[in-house]
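Dear colleague,

Please find below the structure that I am handing over to you. My findings follow directly after it.

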Amino acid sequence: MCLGVSLVRNVPRWNWDGDHIVHECIVPSSRPVVRYTRGHTSDIDVREFLVTSRNEVMNRTLNNDIKAFAEQHRGGWEFFQSRNQGSFDFRASVVTEFASATIAYSNGRAGDPWQFPDETLQVREGDCEDRALLIASLLLVSGISSYNVRVALGKMRLRKTTGQFADRDHVWVMYKNEAGQWRVLEPLLSKKRRPLRCADKDRFTPSSAEYIPYFLFNDSHLWQVYHAGNAEPMHRFRLKRNWSALHPRFAGIVHKSIIGEALEIPECPANVRDCLHSRCFDGIRSWSHRHAHVGVSEAPEESAWLSSVVASALFTMSTVSLR
């Protein structure tokens, strides 16, 4: 049994470098002006949501918390800081694992203001966009070039077992690895979970999913991604309208709950649970390759559990191979 193929569809279809630079990066912030609780919201340059090594709060997190976290991984802090082959991919892995282990997932309401990364570090929780902004910022602070980092705002298209599709707004991170391949860093998986606010009617088990980007940005640029319904360069007012129409909060409703429920099943083998918690798709793939030729009689627990669960959970792995 080999489970090396992800159920995420068509990721190479999109130009993750961006199709068109949006020169006026002004979007609605949804954040009320200080001293006002409603109304009086302001616009913001979206690039301000990503902080770099110039931010001392992020530097402190890197040199204290992430340093200690990296020391728990094979390679350690010395390899994390090096420029050796594999060290940048190692940084990306450690940063996403750090967010998974230390930042609780809480699904917010539509229209909730985005948190700045240092705010997320302070409150230790956030929804998909808050966690995505933190991961992207930590990648930049760790020394990964912004050329290789994008925050993506768009939709997750979920295919139901009935053949129908359901689109959900979402925010995630794209990272170009050392092999030059764009990889999805999914911000949803978390070892720390909050109760999810969602109706039973919103729960279903998708058979596959597709990331559909509308906008990409880092600390330098905002890009538009062309596709049907989003195929012409946007002027300022259309940008603000389309940006405001996206409310990335679906995560707690669908695939976050699937993974959470899978991890709570008593029959889930400990080594598989560790892989699912690890936020690393390659961990699942390497585990499955090691057991690809193991008969059911030799590994009955793992084989039976994986065959019934992974099909509905695998697409939510936070790092998706684009090979």
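Asp17 has a relative accessibility of 27% in this predicted model, which places the residue in the partly exposed class, since that class runs between 20% and 50%. Its salt-bridge partner is Arg150, with the closest N and O atoms 3.7 Å apart. Asp17 belongs to the loop between E1 and E2, whereas Arg150 is part of strand E7 (residues 149–160), so the pair links parts that are 133 residues apart in sequence. Unlike the partly exposed Asp17, Arg150 counts as buried, at 3% relative accessibility.

Strand E7 also contributes Arg157, which pairs with Asp167 of strand E8 (residues 165–176); this salt bridge therefore ties together parts 10 residues apart in sequence. The N to O distance between the two side chains is 2.8 Å. Asp167 is partly exposed, with a relative accessible area of 33%, and Arg157 is likewise partly exposed, at 32%. In addition, Asp17, Arg150 and Lys176 are joined into one network by salt bridges that share partners.

The count of salt bridges comes to seven. Another of them joins the side chains of Glu210 and Arg13, at 3.1 Å from N to O. Glu210 sits in strand E10 (residues 206–217) and Arg13 in the loop between strand E1 (8–9) and strand E2 (20–22), so this pair connects parts that are 197 residues apart in sequence. Glu210 is buried, at 8% relative accessibility, while Arg13 is exposed, with a relative accessible area of 53%.

I turn next to the nonpolar interior. The largest nonpolar core comprises 63 residues, and those with the most contacts inside it are Trp16, Ile66 and Leu139. Helix H5 (residues 128–141) supplies the largest share of this core, namely nine residues. Of the 14 residues of H5, 14 are buried, so the helix is largely enclosed by the rest of the structure. Its geometry is also consistent: at 1.5 Å a residue, H5 should span 20 Å, and its end C-alpha atoms are 20 Å apart, which agrees. After H5 comes Gly143, whose phi is positive, near 110 degrees.

What is Leu139 in contact with, leaving aside its neighbours within four places in sequence? The residues concerned are Ala92, Val95, Ile144, Val149, Val173 and Leu185. Leu185 is located in strand E9 (residues 182–185) and is buried, with a relative accessible area of 3%. Leu185 and Val173 are 12 residues apart in sequence, and their C-alpha atoms are 5.0 Å apart in space.

On the surface, Val33, Val34 and Tyr36 form a nonpolar patch, with about 280 Å² of accessible area together. Val33 lies in the loop between strand E3 (26–32) and strand E4 (41–45). Its relative accessible area of 35% makes Val33 partly exposed.

Finally, some totals for the protein may be of use. It contains 10 helices and 12 strands, and buried residues make up 54% of its 323 residues. Among contacts with a separation of 6 or more, 70% are between residues 24 or more positions apart. The protein exposes about 14,800 Å², of which carbon and sulfur atoms supply 49%.

With kind regards

Technical notes. Residues are numbered from 1 along each chain as its sequence is written. This is a predicted model: local features need pLDDT of at least 70, side-chain atom pairs count only at pLDDT 80 or more; totals for chains, interfaces and linings use all residues. Side-chain values use heavy atoms; hydrogens and water are left out. A nonpolar core is a set of buried Ala, Val, Leu, Ile, Met, Phe, Trp, Tyr and Cys residues joined through side-chain atoms within 4.5 Å. Buried means under 20% relative accessible area, exposed over 50%, partly exposed in between (1.4 Å probe, protein chains only). Helices (H or I, at least four residues) and strands (E, at least two) are DSSP runs, numbered from the N terminus. Contact means heavy atoms within 4.5 Å. The expected span of a helix is 1.5 Å times one less than its number of residues. Patches are made of residues with over 30% relative accessible area and no salt bridge: like charges are joined within 9 Å, nonpolar side chains (Val, Leu, Ile, Met, Phe, Trp, Tyr) within 5 Å. Accessible areas come from the Shrake-Rupley method with a 1.4 Å probe; for residues, only the protein chains shown count as cover. A salt bridge is a side-chain nitrogen of Lys or Arg within 4 Å of a carboxyl oxygen of Asp or Glu.
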